[in-house]
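Me: I should like to go through the assignments made for this structure and the criterion behind each. Please set every value against its definition.

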Amino acid sequence: MLQVTRVILPSILASDDGPVAEVINPSGAADMCLVCEHASPAIPSSLNGLGLAEDERLSHAAWDIGALDLTRALAERLDAPAVVARISRLVYDCNRPPHAPGAITARSENIVVAGNQNLPDAARAARIAEIYEPFHATVTEALDGFRTPPALVTIHSFTPVWMGQP
């Protein structure tokens, strides 16, 4: 007799967390699609801020400061659709595939991400299923809306000081 094992993943997102991705200007006419994977510092309430202090949760470690505003402005000015992540890269870095070591980082610059330390496989799988996969499905859906392959432009920002060095 065949035995089936069913794995139940822990849920990360609550209904008040909203969707993982937002599409800005979905009917934009430009032959390009903007993507901003690090647009938000939001951490789902179920993750208790990942154990970070408020200044850490709002720092460049958590998101690309200014990238969302730039993406919105470019989407409007260029009349291009844009897909933006609504979850912090410290929860899951949507710019990295699941097998990448930095996809769920335990440390960013000098910030130790306590909520990502020794993350169990089930918790990692839940983040992939609830964050990474829906984000990339939204990007794929946006790209599928073009008649011809568009230019794909990703928007990021940088921090003027990294590891204490300008």
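Reply: Two strands pair if DSSP finds at least two bridges between them. This is a predicted model. In it, M32 has A151 of β6 as its bridge partner, and V35 has T154 of β6 as its bridge partner.

Me: What makes β2 and β6 a pair of strands?

Reply: The criterion is at least two bridges. Strand β2 (residues 32–36) is joined to β6 by 4 bridges, so the criterion of at least two is met and the two count as paired. They run parallel.

Me: How do you know that β2 also pairs with β3?

Reply: Between β2 and strand β3 (residues 82–85) there are 3 bridges, and the requirement is at least two. The two strands therefore pair, and they run parallel. In β3, A82 is the bridge partner of L34.

Me: Why are β1 and β6 called edge strands?

Reply: The open sheet has 4 strands in the order β1-β3-β2-β6, with mixed pairing. Both β1 (21–24) and β6 (151–154) pair on one side only. Neighbouring strands of this sheet are turned by 20 degrees against each other on average, direction ignored.

Me: Why is β2 described as largely enclosed by the rest of the structure?

Reply: A residue is buried when its relative accessible area is under 20%. In β2, 4 of the 5 residues are buried, so the strand is largely enclosed by the rest of the structure.

Me: How do you know that C36 is in no disulfide?

Reply: A disulfide requires two cysteine sulfur atoms within 2.5 Å. A search of the whole structure finds 0 disulfides. For C36, the nearest cysteine sulfur is that of C94, 11 Å away, so the cut-off of 2.5 Å is not met. For C94, in turn, the nearest cysteine sulfur is that of C36, at 11 Å.

Me: What makes C36 and C94 buried?

Reply: The limit is under 20% relative accessible area. C36 has 0% relative accessibility and therefore counts as buried. C94 has a relative accessible area of 2%, so C94 is buried as well.

Me: Which residues line the largest pocket, and of what kinds are they?

Reply: The lining has 14 residues; P26, G28, A142, G145 and F146 lie nearest the centre of the pocket. By kind, the lining divides into 7 nonpolar, 4 polar and 3 charged residues. Helix α3 (residues 121–144) gives the most to this lining, with 3 residues. The space in the pocket is about 280 Å³.

Definitions and conventions. Residues are numbered from 1 along each chain as its sequence is written. This is a predicted model: local features need pLDDT of at least 70, side-chain atom pairs count only at pLDDT 80 or more; totals for chains, interfaces and linings use all residues. Side-chain values use heavy atoms; hydrogens and water are left out. On a 1 Å grid over the protein atoms alone, a cavity is a set of points where a 1.4 Å probe fits but cannot get out, and a pocket is an open set with protein on both sides within 12 Å along at least five of seven lines; lining residues have an atom within 4 Å of a point. Grid points are joined across faces, edges and corners, and a volume is the space filled by probe spheres set on the points. Ala, Val, Leu, Ile, Met, Phe, Trp, Tyr, Cys and Pro count as nonpolar, Asp, Glu, Lys and Arg as charged, and the others, Gly among them, as polar. Buried means under 20% relative accessible area, exposed over 50%, partly exposed in between (1.4 Å probe, protein chains only). Axes are lines fitted to C-alpha atoms, for helices over the stretch in contact, and angles run from 0 to 180 degrees between N-to-C directions.
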